[in-house]
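Colleague: Could you take me through the salt bridges of this model, slowly and in one go? I would like to see where each partner sits.

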Amino acid sequence: MPDKKEEFGQIQIADEVVAVIAATAAMEIEGVLNASSASGNALVEFFGKKSQTKGVKVNSEAGELTLELDIVLLFGTKIQLAALEVQKKVKSAVETMTGLPVAMVNVNVCGIIKEKQPKTTKNESEED
């Protein structure tokens, strides 16, 4: 649990709060569908109770945070570009909102989901 000593007392920021910030920032990147654990059941986890922090691990050592995110991308997304943008966005969001330094943001792409195409309906009317 990261904390800061201030003139008026100590401020503690729960790891879960940092994880929510990181997951929310990651999902703002185009092509990122959700943060997910590596189990592969992305859609179930996305709508699950703890979906906001799934796939985000927060470690704090020596006053710095190291974040690890497991994400799922939309098929066709440039993986390297999306992962780099996630790293930048998450680092910026966490540092801005918490005031804590982020040493690393590790991104694991654990899945790609192809967007469902609308099914074409057959014209079943018979010609006479």
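Modeller: Happy to; here is a walk through the salt bridges and the confidence behind them. The model is predicted, so to speak for its local features a pLDDT of at least 70 is needed, side-chain atom pairs count only at pLDDT 80 or more, and totals for chains, interfaces and linings use all residues. Residues are numbered from 1 along each chain as its sequence is written, and side-chain values use heavy atoms, with hydrogens and water left out.

The whole structure holds 3 salt bridges (a side-chain nitrogen of Lys or Arg within 4 Å of a carboxyl oxygen of Asp or Glu). One of them joins E28 and K89, at 3.0 Å from N to O. This pair links distant parts of the chain, 61 residues apart: E28 is in the loop between helix 1 (15-27) and strand 3 (32-35), and K89 is in helix 3. Helices here are DSSP runs of H or I with at least four residues, and strands are runs of E with at least two, numbered from the N terminus. E28 is exposed at 52% relative accessible area, while K89 is partly exposed at 34% (buried is under 20%, exposed over 50%, partly exposed in between, with a 1.4 Å probe and protein chains only).

Within helix 3, K91 pairs with E95, their closest N and O atoms being 2.9 Å apart. These two are 4 residues apart, about one helical turn. K91 is partly exposed at 33%, and E95 is partly exposed at 28%.

As for confidence, helix 3 (residues 79-98) has the highest mean pLDDT among the elements of the protein chain, 97 (pLDDT is the predictor's confidence in each residue, from 0 to 100).
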